[in-house]
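Q: Hi! Could you walk me through this one, starting with how the chains meet?

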2 protein chains.
Amino acid sequence: MNSEQLLNNKIEELKEACKKNGMRVTPQRIEIFKEVAKSCKHPDAETVYEAVKHKMPNVSVDTVYRTLASLEELNMIFRVDNLLPKARFDADLRPHNHFICVQCNEVYDIFLEPDEKKQIPKNAHSFGEIKDINIQIRGICNKCLKNNTK
Amino acid sequence: MNSEQLLNNKIEELKEACKKNGMRVTPQRIEIFKEVAKSCKHPDAETVYEAVKHKMPNVSVDTVYRTLASLEELNMIFRVDNLLPKARFDADLRPHNHFICVQCNEVYDIFLEPDEKKQIPKNAHSFGEIKDINIQIRGICNKCLKNNTK
DNA sequence: CTATAAATAGTAATAATTCTTATTAAGGAA
DNA sequence: TTCCTTAATAAGAATTATTACTATTTATAG
């Protein structure tokens with residue numbers, strides 16, 4: 001299955017999710033979701049807005065923010081913890097972590113090796129009901145390290 | 001050693017750090033640091049500002065933000081990844097994780113059991129130079145769970 | 001095809017944080 | 001101690017990301 005097919009599958013999934021939750025399937029929703037889903041760069045709202053504007057020149061900033069929030073509620077995308085000024089979004093729902101470059105703000109996906117398992121600290125359960133666990137690694141990415149030595 | 005002594009030690013440490021880095025020791029810096037260091041609530045800038053204002057009525061918002069940023073550069077405090085609209089600060093430098101309640105926004109410290117170790121995913125090193133690793137657990141805290149059932 | 005309510009566009013407003021500038025004060029030197 | 005230099009501050013304006021408001025449009029059920 002190629003990436004275009006995967007994307008189409010995801011869009012079908014989104015349509016189902018909308019219907020199941022009494023939400024309408026609008027071209028804006030599709031386009032906005034597409035932009036997040038096809039990117040591996042964990043785009044922010046502004047980036048999504050600029051990209052969508054090429055196909056839908058009248059789309060409004062508000063729609064992008066509102067839609068990203070509803071896609072999140074549908075569990076079709078999620079926000080990446082990042083300590084950066086702008087929220088970043090990810091449509092890859094497979095469990096994975098992030099490497100965040102503190103210099104260029106790039107966010108890289110870290111997939112665990114088959115023998116690794118996302119660990120929940122033993123004590124965590126004593127604080128309440130866990131919804132999700134999130135691991136970020138902050139550092140300087142190879143690209144920036146290379147540029148820095150020049 | 002009681003908590004007051006611990007706090008005093010930390011303040012001495014801050015003074016040293018300032019001197020070593022050519023930064024002046026100002027009463028504002030001391031007070032702002034104290035507020036973060038004595039709290040276990042991971043306060044935001046506004047909370048720190050309100051608290052400091054009791055002792056220094058003329059302190060400005062800007063000074064609080066600027067000082068929190070320089071304390072961070074001195075590695076005396078750090079920001080908690082939190083996906084909340086306001087930055088939260090922590091002066092406890094011992095390695096630990098956080099439980100973040102998505103309902104009341106309370107941030108709880110999770111200390112690892114002696115036999116646990118903060119694990120860095122194997123792949124992480126391939127992305128660049130790691131500065132720090134951060135684990136957050138999001139969920140609903142016991143307090144909120146209790147309130148919700150009422 | 002029509003009715004209706006959800007979603008949108010356009011724009012104004014808000015919230016958190018940062019910047020600007022004139023003033024103050026920490027800390028080294030005389 | 002007193003003076004000097006410059007970092008740090010207070011006050012308020014500005015900026016940035018995000019959210020709210022409202023009239024209009026449009027998805028979809030009947």
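A: Happy to. One term to begin with: two strands pair if DSSP finds at least two bridges between them. Strands here (E, at least two residues) and helices (H or I, at least four) are DSSP runs numbered from the N terminus. This is a predicted model, where local features need pLDDT of at least 70, side-chain atom pairs count only at pLDDT 80 or more, and totals for chains, interfaces and linings use all residues. Residues are numbered from 1 along each chain as its sequence is written, chains are lettered from A and ligands numbered from 1 in the order written, and side-chain values use heavy atoms, leaving out hydrogens and water.

Q: Great, so in which sense do strand E5 of chain A and E5(B) pair?
A: Antiparallel: strand E5 of chain A (residues 128–141) and E5(B) pair over 13 bridges. A:Arg138 stands opposite B:Asp132 there.

Q: How much area do chain B and chain A bury between them?
A: About 3300 Å², 55% of it on carbon and sulfur atoms. That is accessible area (1.4 Å probe) lost on putting two parts together, summed over both.

Q: And how many salt bridges across the interface of chain B and chain A?
A: Four, counting a side-chain nitrogen of Lys or Arg within 4 Å of a carboxyl oxygen of Asp or Glu. One joins A:Asp81 to B:Arg138, with the closest N and O atoms 2.7 Å apart.

Q: Switching to chain A, what domains is it divided into?
A: Domain 1 (3–79) and domain 2 (94–148), with bounds from an automatic or database domain assignment. Their C-alpha centres lie 24 Å apart.

Q: Which side chains meet in a salt bridge at 3.1 Å?
A: Those of A:Lys41 and A:Glu106, N to O.
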